[in-house]
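Please read the following account alongside the sequence and the coordinates, moving from the overall division of a chain towards individual residues.

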Amino acid sequence: MFSLLEQNSLFVVLLVVLIIWIGIYYEIIKLEKRLKKIEKKDED
Amino acid sequence: MKLKYFIGILFVLVILLSFIPKISGNLTDVKFYSTIDTTKIIPVKGVISEISNNLYKFIDKDGNEGRLYASNITNKEGIFYLKYNEYENYFTLKKFENNTFFITFPFIPGLEEKARIILFHVPVAWVSVLAFLISMFYGIRYLKSENFEFDVKSVNSASLGFLFCILATVTGSIWARFNWGSFWNWDPRETSIFILLLIYAAYFALRSAIEVEEKKAKLSAVYSIIAFVTVPFFIFILPRITSGLHPGSADDVASPGGGPVIKSGMSFEMRIVFFLSLIAFTLLFFWIFILRNRVTELERKKI
Amino acid sequence: MIKESFFILKKDYKSELRNRYSFNSLLLFVIITITILLFSLGLEDISLDIHAGLFWIIVFFAATNGLSRTFVSEEERGTTLVLKLISESGTIFLGKLLFNLCLMLLLSLFVFILYLFFMNGFLIKNYFLFFVTIIFGSFGLSSASTIIAAIISKASNKGTLYPILSFPILLPLLIILIGLTKSSMIGKSIINELNQFLLIISYSGILITVSFLLFDFIWKD
């Protein structure tokens with residue numbers, strides 16, 4: 001995989017953007033889970 | 001227009017603008033790098049007009065002129081991948097690409113295509129510093145007023161700042177693997193960001209070690225202030241005065257003591273895209289920050 | 001204010017003389033560490049870089065043991081309230097800072113003497129630079145440690161929390177000090193290293209100023 005990335009440098013940038021996106025997406029999903037828990041508690 | 005849609009559109013724009021433009025240096029770059037590395041082929045955007053058989057006059061995007069020796073040229077305008085022949089004072093064509101987009105990014109030595117990383121890796125790091133600053137700001141406000149809302153905001157900002165710091169470190173490490181050979185080199189800037197991660201990890205350790213809410217809030221506010229005082233030293237001062245691999249260190253050939261962002265390494269167009277990216281990430285941070293505050297406040301009220 | 005802080009320094013000094021608890025544990029810690037090092041190294045020679053690093057590792061971890069004690073002992077003995085009544089917070093901070101400074105100086109000198117006697121290959125060519133490094137190093141290390149000691153004295157898990165909090169803040173100082181020690185062993189003159197000392201002073205200075213301003217909030221419950 002690394003040799004493929006080394007030849008096409010553009011994919012390195014893509015990997016970087018992907019990592020940033022995954023980190024931020026993970027944070028937003030965590031927030032949604034917390035919100036769901038509160039809303040469930042409200043109903044109980 | 002609602003904020004979240006604006007952020008979405010801005011991000012799509014930033015990603016398009018960072019991947020579509022092609023890299024182009026100018027003829028001065030080609031001449032300069034032919035003296036340093038004879039195997040380097042540098043893309044230059046320009047126009048050609050024929051002088052004689054296989055000999056062309058080449059005008060690049062900045063207006064420099066040169067003689068181009070090439071066969072099999074089909075188009076008169078585009079991105080020409082050139083090498084410089086010093087003895088005969090002409091350029092030779094190695095590859096040709098059709099370019100229809102009006103912006104090009106400058107040729108930054110050592111990076112070429114990977115230069116686009118600047119548009120993502122640096123804004124993430126700067127937003128992380130901003131987040132730590134906001135954490136200190138709310139820490140100060142808590143110490144003055146003893147209102148728990150400020151403590152909530154201080155922690156949330158610090159958590160987000162920590163996340164962005166981890167992202168900056170991981171992306172930087174990936175960049176290091178493809179630029180300098182290995183994932184971690186203990187370069188001064190890498191060491192600084194590692195220490196910063198430790199400092200804020202200690203912040204969370206401190207918070208989890210105290211049970212009483214008031215004390216937790218007060219002590220972590222004090223620590224967030226102390227921690228942020230060291231941040232400018234680590235991010236802005238130390239990596240610029242010590243020699244290392246990262247751009248902007250003391251022995252960087254192209255931009256010593258500053259880096260492409262602070263000094264002139266980026267062209268006007270690239271600077272605009274960089275600015276857009278910075279705004280996009282800052283707005284994203286504030287959006288997640290506000291959401292987190294609302295969720296934490298709800299949790300506190302329910303309990 | 002400065003006179004009163006010297007009173008606090010004297011009081012801590014006298015209470016240390018009385019029971020010698022932290023002094024003894026520090027000495028023991030250093031002796032044990034150096035013994036372990038001697039056993040693990042055997043007759044092998046190690047490079048100057050490693051010597052410089054080991055020296056400051058021993059100093060730092062011994063300091064972890066002793067420096068936090070300035071505030072934790074007050075909490076344990078229950079004398080915090082008395083201190084709060086006697087003098088204002090700035091004075092107490094200065095007094096504790098001075099005590100930590102003296103402790104660090106003594107500790108570094110002690111480690112230096114033991115290290116010199118027992119470790120072979122520890123040759124210093126520029127003694128002046130080395131001792132200036134120790135003075136500045138003690139100043140820097142104690143400046144950050146005092147405020148962290150104050151913070152953790154109010155927390156619950158004091159023992160393990162202190163290294164976690166102080167290590168990252170002290171790490172840049174340690175890196176600079178190890179570099180300076182290396183230079184003093186090679187024999188570089190002090191003039192080349194002046195900007196390193198400037199870094200130490202500025203870093204410690206900022207930390208002391210901020211700690212001084214923030215100490216009030218920690219001290220007043």
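In this predicted model, the C-alpha centres of domain 1 and domain 2 of chain B lie 41 Å apart. Domain 1 of chain B covers residues 22–100, while domain 2 of chain B covers residues 112–302.

Despite that separation of centres, both domains of chain B feed into the largest nonpolar core, which draws at least three residues from each of them. This core holds 136 residues, and the members that touch the most other members are B:Val124, B:Leu206, B:Val222, C:Val59 and C:Ile151. The element that gives the most to the core is helix α3 of chain B (residues 118–145), with 15 residues. As a general background, nonpolar side chains tend to be buried together in soluble globular proteins.

One of those members, C:Ile151, shows how chains B and C meet within its surroundings: leaving aside residues up to four places away in sequence, C:Ile151 touches B:Leu219, B:Val222 and B:Tyr223 from chain B, together with C:Leu165 and C:Ile218 from chain C.

A further position to consider is B:Ser154, which lies in helix α4 of chain B (residues 148–180). B:Ser154 counts as buried because it has 25 C-beta neighbours inside 10 Å, where the cut-off for a buried residue is 20 or more. Again not counting residues up to four places away in sequence, B:Ser154 touches B:Ser135, B:Tyr138, B:Gly139, B:Tyr142, B:Ala221 and B:Ser224. The C-alpha atoms of B:Ser154 and B:Phe132 are separated by 8.6 Å, although the two residues are 22 residues apart along the chain.

Key:
Residues numbered from 1 in each chain as written. Chains lettered and ligands numbered in written order. Predicted model: local features only at pLDDT ≥ 70, side-chain atom pairs only at ≥ 80, totals over all residues. Core = buried A, V, L, I, M, F, W, Y, C linked by C-beta atoms within 7 Å. Buried ≥ 20, exposed ≤ 12 C-beta atoms within 10 Å, placed from the backbone. Helix = DSSP H or I, 4+ residues; strand = E, 2+ residues; numbered from the N terminus. Domains from an automatic or database assignment. Contact = placed C-beta atoms within 7 Å.
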